[in-house]
Amino acid sequence: MPPEKEDVYANAVKLHDLEESLKQCCKSCFQLGKSCFQIAWHCTQFWTTLSISTIIVWLIYRPHRFYPTVDPGILYAFNLTAPGNATGQLPSLRYNLAVDISLRNSHRGLKLQYLDIGATAFYNGTRLGPANDTLPAPFRQGPKNTTIRRVLHPTFQGTLAAVDSSMAAELERELAAGTVHVRVSISLTIKYKVWLIKHISFYKYDCWLWFPLPHVNAPAIFHDAGTRCWLDK
């Protein structure tokens with residue numbers, strides 16, 4: 001065979017080998033991509049199933065049926081004091097309120113741990129002040145069938161200075177009607193565990209109380225024990 005033909009033949013063989021190598025490389029890349037896609041697909045299926053299962057379990061076990069209740073409350077004083085002689089000075093509101101708040105774990109199989117508890121009193125949307133005493137926390141409550149309710153005793157006493165005209169008018173209207181409405185806001189930070197996962201949730205409840213007019217020697221009493229507090233969304 002002439003040298004020229006030998007060179008052409010050798011180049012053809014090399015080209016053929018290069019094509020085969022490229023085919024093998026492409027095939028390997030395709031197989032690798034297919035394997036990666038399958039792995040990603042299986043991972044997606046696994047995490048989707050796990051996420052759905054976790055959400056379902058959380059919906060079943062979350063303490064959404066938990067609501068504090070108000071036991072008897074006592075309103076010792078709730079009256080406006082006349083402003084001083086200075087021009088433009090506004091009246092003040094003197095208040096003295098004591099409330100019993102009951103906490104009970106209504107879930108049958110979930111243990112609760114109360115990390116923090118706060119209580120604040122409001123009138124006509126105006127904040128009177130936080131509870132004067134420190135509420136107990138942290139503490140634990142077992143499931144419904146093994147737990148006795150825990151009763152808190154927040155008290156609110158003080159003077160709200162510079163009561164504006166709208167709030168003073170509302171209080172005068174309620175005093176004339178013979179009923180005073182007060183809202184007590186309860187904030188709870190609760191920790192609970194579902195399977196091996198711990199959850200920390202914050203809940204806020206509004207407890208509405210209505211009192212007859214308090215007098216010096218006869219404080220007003222809220223008699224509707226067991227009144228449910230409503231979740232503030």
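Buried here means under 20% relative accessible area. The model shown in these views is predicted.

**View 1. S185 is a buried residue of strand 8.** S185 sits in strand 8. Its relative accessibility is 5%, so S185 counts as buried. Leaving aside residues up to four places away in sequence, S185 touches G118, A119, T120 and F122. The other contacts of S185 on this count are K204, Y205 and D206.

**View 2. Strand 3 and strand 4 form a hairpin.** Strand 3 covers residues 112–123. Strand 4 covers residues 126–130. The two strands run antiparallel, joined by four bridges. Two residues lie between strand 3 and strand 4. One of the turn residues, N124, has a positive phi of about 55°. Y123 stands opposite T126 of strand 4.

**View 3. The largest pocket has a volume of about 290 Å³.** Its lining is made of 15 residues. Closest to the pocket centre are K111, R140, K191, Y192 and K193. By class, the lining holds six nonpolar, four polar and five charged residues.

**View 4. Three strands each supply at least two residues of the lining of the largest pocket.** These are strand 3 (112–123), strand 5 (139–141) and strand 8 (180–194). Strand 8 gives the largest share of the lining, with four residues. Strand 8 is also the place of S185, the buried residue of View 1. Strand 3, for its part, is the strand that pairs with strand 4 in View 2.

How values were computed. Residues numbered from 1 in each chain as written. Predicted model: local features only at pLDDT ≥ 70, side-chain atom pairs only at ≥ 80, totals over all residues. Heavy atoms only, no water. 1 Å grid on protein atoms, 1.4 Å probe; cavity = no way out; pocket = protein on both sides within 12 Å on 5 of 7 lines; lining within 4 Å. Points joined across faces, edges and corners; volume = space filled by probe spheres on them. Nonpolar A, V, L, I, M, F, W, Y, C, P; charged D, E, K, R; others polar. Buried < 20%, exposed > 50% of the residue type's maximum accessible area, 1.4 Å probe, protein only. Contact = heavy atoms within 4.5 Å. Pairing = 2+ DSSP bridges.
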